[in-house]
Amino acid sequence: MSGLIDLNVIAGAKATHKYARLSASKARVVLNLVRDEDLGLARDRLRFCERGAAEVVSKVLESAVANATNNEQLDADELYVAECWADEGPVLKRWRPRARGRATRIHKQTCHITVIVAQLSSEELELREARLAASGAQTATAARAARVAASRGAEDTDEAQDAELEDAELEDAELEDIVDVAEAVDETEDAADEADETEDAAAEADETEEVSAVATDDVSPADEIDEATEAEATTDDATDRKEGS
């Protein structure tokens with residue numbers, strides 16, 4: 001067990017996994033890969049490690065990082081694996097049947113895995129920033145901030161495009177309303193013209209009837225008598241001609 005890091009003096013956090021169902025020797029092989037390494041490098045090594053203990057150690061490391069970020073308000077990019085160790089745990093004794101009625105004892109080893117993460121010193125942070133600047137790489141926080149800014153820019157662009165589309169739709173709707181009003185006005189004017197033409201035709205018909213009625217009324221009784229007299233004379237002439245023949 002180690003105790004070189006005093007968390008009351010150095011900013012950091014600790015996580016412990018008790019009664020892990022693996023031997024301490026197997027866990028120590030994996031812990032030796034991440035001791036005194038930056039958080040990013042430790043995660044990469046555990047991710048690509050083929051040993052079964054790597055998964056358990058990775059969970060303990062993530063728990064320690066969560067304690068540091070949530071409880072101590074530390075930046076995950078400024079953390080490193082300060083200490084890590086595995087202590088022996090209780091042994092689970094089991095029996096396995098063998099030939100001829102015999103039995104063999106089985107010892108199931110357990111261990112307690114502890115990981116401590118601490119904040120890098122200011123000198124180490126400056127050196128790491130200088131190395132990142134020289135290589136052109138970015139820290140995880142900077143890369144995350146860049147992705148967030150890019151996503152927000154894309155969202156702003158989408159919002160601007162949506163606003164433009166809405167404005168265009170409103171303009172189209174206004175134009176359609178104007179066209180509909182103009183068509184309604186034209187239809188009203190056409191109906192008024194048709195009504196005027198109908199009224200004019202009815203007035204002309206009324207005038208024609210009045211003129212014909214007046215012409216019929218202008219025939220006097222004397223003219224009717226003269227016409228009757230002429231008709232009788234014509235009839236007498238015809239009669240005389242028949243008798244003379």
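## The overall layout

The chain has six helices and five strands. Keep in mind as you look around that this is a predicted model. Starting at the N terminus, the elements come in the order β-α-α-α-β-β-β-β-α-α-α.

The chain is 245 residues long, and buried residues make up 20% of it. How do the contacts spread along the sequence? Taking the contacts with a separation of 6 or more, 71% of them are between residues 24 or more positions apart.

## The nonpolar core

A bit of background helps here: in soluble globular proteins, nonpolar side chains tend to be buried together. In this model, the largest nonpolar core has 30 residues. Leu61, Ile113, Val115 and Val117 are the ones with the most contacts inside that core. Which elements give two or more residues to this core? They are β1 (12-20), α1, α2, α3, β2 (79-88) and β5 (111-119). The most comes from α3, with eight residues.

There's also a second, separate core, this one of eight residues. Tyr80, Ile116, Ala118 and Leu120 are among them.

## Two core residues up close

Ile113 is a good place to see what such a core residue touches. Setting aside neighbours within four places in sequence, Ile113 is in contact with a list of residues that includes Ala15, Thr16, His17 and Ala20. Leu22, Ala27 and Leu31 are on the list of Ile113 contacts too, along with Val56, Val57 and Val60. Trp85 and Ala86 also touch Ile113.

Now for Val117, which sits in strand β5. Is Val117 buried or exposed? Its relative accessible area is 0%, so Val117 is buried. Beyond its neighbours within four places in sequence, Val117 touches Ala11, Gly12 and Ala13, among others. Its contacts also include Leu61, Ala64, Val65 and Ala68, as well as Leu79, Tyr80, Val81 and Ala82. Val117 and Lys14 are 103 residues apart along the chain, yet their C-alpha atoms are separated by 6.4 Å.

## How the helices pack

Let's turn to helix α3 and its partners. Helix α2 (residues 39-48) packs with helix α3 (residues 53-71) at an angle of about 155 degrees, and their axes are 10 Å apart. Angles over 145 degrees count as roughly antiparallel, so that is how α2 runs relative to α3. The crossing in which α2 passes α3 is left-handed. On the α2 side, the residues that meet α3 are Leu39, Ala42, Arg43 and Leu46. Their counterparts in α3 are Ala54, Val57, Ser58, Leu61, Glu62 and Val65. Sorted by class, this contact of α2 with α3 has seven nonpolar residues, one polar and two charged.

α1 packs with α3 as well, at an angle of about 65 degrees and with the axes 9 Å apart. This time the crossing is right-handed. Lys26, Ala27, Val30 and Leu31 of α1 make the contact with Ala53, Ala54 and Val57 of α3. What classes do these residues fall into? The contact of α1 with α3 divides into six nonpolar residues, no polar ones and one charged.

## The start of helix α1

Helix α1 covers residues 24-34, and Ala24 is found there. Ala24 counts as buried because its relative accessibility is 1%. What does Ala24 touch, not counting residues up to four places away in sequence? The answer is Ala86, Asp87, Glu88 and Cys111. One of these, Ala86, is 62 residues from Ala24 along the chain, and the C-alpha atoms of the two are separated by 5.5 Å.

## Two residues with positive phi

Tyr19 is worth a look for its backbone: its phi is near 60 degrees, a positive value in a residue other than glycine. Where is Tyr19? It lies in strand β1. Its relative accessibility is 51%, so Tyr19 counts as exposed.

Arg100 is another residue other than glycine with a positive phi, near 60 degrees. You'll find Arg100 in the loop between β3 (92-97) and β4 (103-108). At 83% relative accessibility, Arg100 counts as exposed.

Note on methods. Residues are numbered from 1 along each chain as its sequence is written. This is a predicted model: local features need pLDDT of at least 70, side-chain atom pairs count only at pLDDT 80 or more; totals for chains, interfaces and linings use all residues. Side-chain values use heavy atoms; hydrogens and water are left out. Axes are lines fitted to C-alpha atoms, for helices over the stretch in contact, and angles run from 0 to 180 degrees between N-to-C directions. Helices (H or I, at least four residues) and strands (E, at least two) are DSSP runs, numbered from the N terminus. Angles under 35 degrees count as roughly parallel, over 145 as roughly antiparallel, 65 to 115 as roughly perpendicular and the rest as oblique. A crossing is left-handed if the near helix is turned anticlockwise from the far one by less than a right angle, and right-handed if clockwise. Contact means heavy atoms within 4.5 Å. Ala, Val, Leu, Ile, Met, Phe, Trp, Tyr, Cys and Pro count as nonpolar, Asp, Glu, Lys and Arg as charged, and the others, Gly among them, as polar. Buried means under 20% relative accessible area, exposed over 50%, partly exposed in between (1.4 Å probe, protein chains only). A nonpolar core is a set of buried Ala, Val, Leu, Ile, Met, Phe, Trp, Tyr and Cys residues joined through side-chain atoms within 4.5 Å.
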